[in-house]
Amino acid sequence: EYQDTSPLQKNLIWQLFKNPWNAFFVGDPQQSIYLFRGSDKRVFESTIAEVTARGGQVLALTENYRSSPLLIDFFNKLFGRSTLQPF
């Protein structure tokens with residue numbers, strides 16, 4: 001899950017991909033849990049920008065198979081108002 005990628009890990013991954021550039025990254029920045037080991041949601045966000053700049057696509061999963069819509073809506077509202085900052 002790419003949302004838990006650190007800048008160092010991203011640099012290593014990027015070194016592996018040469019032309020033709022062909023990759024599939026999966027993640028959700030709201031589910032990032034590894035801040036203590038250096039993950040940074042900005043890595044995920046910058047990768048989206050790089051993928052689109054290279055002509056790649058960003059696809060959104062619109063069907064949730066794990067949680068009810070009511071629960072998702074609650075957490076989105078809760079964390080949308082949160083002023084908590086990562087470490």
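This note goes through the helices, salt bridges and surface of a predicted model.

1. Overall make-up. The chain contains three helices and zero strands, and its order along the sequence is α-α-α. Helix α1 covers residues 7–16 and helix α2 covers residues 41–53, while helix α3 runs over residues 69–80.

2. Burial and contacts. The chain has 87 residues, of which 17% count as buried. Of the contacts between residues at least 6 apart in sequence, 70% join residues at least 24 apart. The exposed area of the chain is about 7400 Å², and 59% of it comes from carbon and sulfur atoms.

3. Salt bridges in general. The model has three salt bridges. They are taken one by one in the next points.

4. Lys-10 and Glu-50. These two side chains form a salt bridge with an N to O distance of 2.4 Å. Lys-10 belongs to helix α1 and Glu-50 to helix α2, so the pair ties together parts of the chain that are 40 residues apart in sequence. Lys-10 is buried because its relative accessibility is 9%, under the 20% cut-off. Glu-50, in contrast, has a relative accessible area of 25% and is therefore partly exposed.

5. Asp-40 and Arg-42. A second salt bridge links Asp-40 with Arg-42, whose closest N and O atoms are 2.8 Å apart. The two partners fall into opposite classes: Asp-40 is buried, with a relative accessible area of 18%, whereas Arg-42 is exposed, at 58% relative accessibility. The limits that matter here are under 20% for buried and over 50% for exposed.

6. Lys-77 and Asp-73. The remaining salt bridge joins Lys-77 to Asp-73, with the closest N and O atoms 3.2 Å apart. Both residues lie in helix α3, four residues apart, so about one helical turn separates them. Lys-77 is partly exposed, with a relative accessible area of 48%. Asp-73 is also partly exposed, at 35% relative accessibility.

7. A nonpolar patch. Leu-71, Phe-74, Phe-75, Leu-78 and Phe-79 make a nonpolar surface patch of about 470 Å². One of its members, Leu-78, is found in helix α3. Leu-78 counts as partly exposed because its relative accessibility is 36%. This value is also over the 30% that a residue needs to be part of a patch.

8. Helix α3 in review. This helix, residues 69–80, holds Leu-78 of the nonpolar patch. The salt-bridged residues Lys-77 and Asp-73 are in helix α3 as well.

Terms used: Residues are numbered from 1 along each chain as its sequence is written. This is a predicted model: local features need pLDDT of at least 70, side-chain atom pairs count only at pLDDT 80 or more; totals for chains, interfaces and linings use all residues. Side-chain values use heavy atoms; hydrogens and water are left out. Patches are made of residues with over 30% relative accessible area and no salt bridge: like charges are joined within 9 Å, nonpolar side chains (Val, Leu, Ile, Met, Phe, Trp, Tyr) within 5 Å. Accessible areas come from the Shrake-Rupley method with a 1.4 Å probe; for residues, only the protein chains shown count as cover. A salt bridge is a side-chain nitrogen of Lys or Arg within 4 Å of a carboxyl oxygen of Asp or Glu. Helices (H or I, at least four residues) and strands (E, at least two) are DSSP runs, numbered from the N terminus. Buried means under 20% relative accessible area, exposed over 50%, partly exposed in between (1.4 Å probe, protein chains only). Contact means heavy atoms within 4.5 Å.
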